[in-house]
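Here are a few exercises to work through with the model open beside you. Try each task before you read its solution.

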Amino acid sequence: HVDAGKTTLSEAILYLSGSLRKLGRVDHRDAFLDTFQLERQRGITIFSKQAEFSLPGADFTLLDTPGHVDFSSEMERTLQVLDCAVLVISAGDGVQGHTRTLWELLRRAGIPTFLFVNKMDLAGSEEGPLLAQLRSTLSPRCVSFSSQRPPAALFEELAVGSEEALSEYLESGALRDETVAQLFANRQVFPCLFGSALKLQGVDELLGGLQRYVQMPAYPAAFGAKVFKITRDEQGTRLAYLKITGGSL
């Protein structure tokens, strides 16, 4: 949702993963991803942007999309190329009307989704009531992946996600990362993380979740691609943004 802190979270991800040397801020009008003058003046994202970062074992392309309903078409165009999504929710505002619209779009597209509840540094923000709201308004399969939570409690809650997970839990008392990754890929669990992107709180946990639970897609040898965005450069030349879904270019 608008003002939930998506661009701030994106800046934090790029900074902590080593892709940015300096941490920009939307309110300081120096955010790396808000490159257009109008975006910096208004402090909102209007056009979707992309950036790259790497974690051990995987390279990621990050797409930062607008949250304002007037520019939601920019967000919707990216859905066809996402391997997973991070839905950012403001702790102070909770689940809003447009948040539910975004959730429904992600459901229709079948996209595995993390939830990052941002701005937990604000007074009165508590994980328990916010998690209860996520479960009641979005899905009962929203599960807290907070590092403060005992692993045994997390495994017990995750085990009911599938028969395979339950069987593994009953046999070993724990779940392998591969099992949790499969639950995530099948949208049988939605990992919820809580923090403050501006203060770099909880972002490392999100990066850890991306590294451990996002399965790398397998693509065929034959060339294929999806166009998800078309723009023009300063000379008026048309640019097409592609996600390669097979072979190489």
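**Exercise 1: two cysteines**

Is cysteine 142 buried or exposed? Work that out, then decide what the cysteine pair is doing.

Solution. A word on the source first: this is a predicted model, where local features need pLDDT of at least 70, side-chain atom pairs count only at pLDDT 80 or more, and totals for chains, interfaces and linings use all residues. Residues are numbered from 1 along each chain as its sequence is written, and side-chain values use heavy atoms, with hydrogens and water left out.

Step 1. Get the classes straight: buried means under 20% relative accessible area, exposed means over 50%, and partly exposed is in between (1.4 Å probe, protein chains only). Cysteine 142 has a relative accessible area of 0%, so it is buried.

Step 2. Do the same for cysteine 192: its relative accessibility is 0%, so it counts as buried.

Step 3. Look for disulfides (a pair of cysteine sulfur atoms within 2.5 Å). A search of the whole structure turns up zero. For cysteine 142, the nearest cysteine sulfur belongs to cysteine 192 and is 4.3 Å away, and cysteine 142 is in no disulfide.

**Exercise 2: the overall build**

Describe the protein chain in a few numbers.

Solution. Step 1. Count the secondary structure, taking helices (H or I, at least four residues) and strands (E, at least two) as DSSP runs numbered from the N terminus. The chain comes to nine helices and eight strands.

Step 2. Check burial: of the 249 residues, 46% are buried.

Step 3. Turn to contacts (heavy atoms within 4.5 Å). Take those between residues at least 6 apart in sequence, and 59% of them join residues at least 24 apart.

Step 4. Add up the surface, using the Shrake-Rupley method with a 1.4 Å probe, where for residues only the protein chains shown count as cover. The accessible surface is about 13000 Å², and carbon and sulfur atoms account for 50% of that.

**Exercise 3: salt bridges**

How many salt bridges does a search of the whole structure find? Pick out a link between distant parts of the chain, then a network.

Solution. Step 1. Apply the cut-off: a side-chain nitrogen of Lys or Arg within 4 Å of a carboxyl oxygen of Asp or Glu. The search gives nine. As background, side chains of opposite charge can pair when their charged atoms come close.

Step 2. Try lysine 243 and aspartate 83, whose closest N and O atoms are 3.0 Å apart in a salt bridge. Lysine 243 sits in strand 8 and aspartate 83 in the loop between helix 3 (72-78) and strand 3 (85-90), putting the partners 160 residues apart. Lysine 243 is buried at 17%, while aspartate 83 is partly exposed at 38%.

Step 3. Move to helix 4 (residues 97-109), where arginine 107 and glutamate 104 are three residues apart and so separated by about one helical turn. Their salt bridge has its closest N and O atoms 2.5 Å apart.

Step 4. Glutamate 104 also makes a salt bridge with arginine 108, at 3.2 Å from N to O. These two are four residues apart in helix 4, so again about one helical turn separates them.

Step 5. Put it together: Glu104, Arg107 and Arg108 form a network of salt bridges. Arginine 108 is exposed at 64%, arginine 107 is partly exposed at 45%, and glutamate 104 is partly exposed at 26%.

**Exercise 4: polar partners of buried residues**

Find the polar partners of serine 162 and aspartate 64.

Solution. Step 1. Serine 162 is in the loop between helix 6 (151-158) and helix 7 (163-172). Its relative accessibility is 15%, so it counts as buried.

Step 2. A polar atom of its side chain lies 3.1 Å from the backbone nitrogen of alanine 165. Leaving aside neighbours within four places in sequence, serine 162 is in contact with Leu183 and Gln188.

Step 3. Aspartate 64 is in strand 2 (residues 58-64) and is buried, at 2%. Its side chain is joined to that of threonine 7 by a polar contact of 2.8 Å (N or O atoms within 3.5 Å; within protein, one must be able to donate a hydrogen and the other to accept it, and residues adjacent in sequence count only if both atoms are side-chain atoms).
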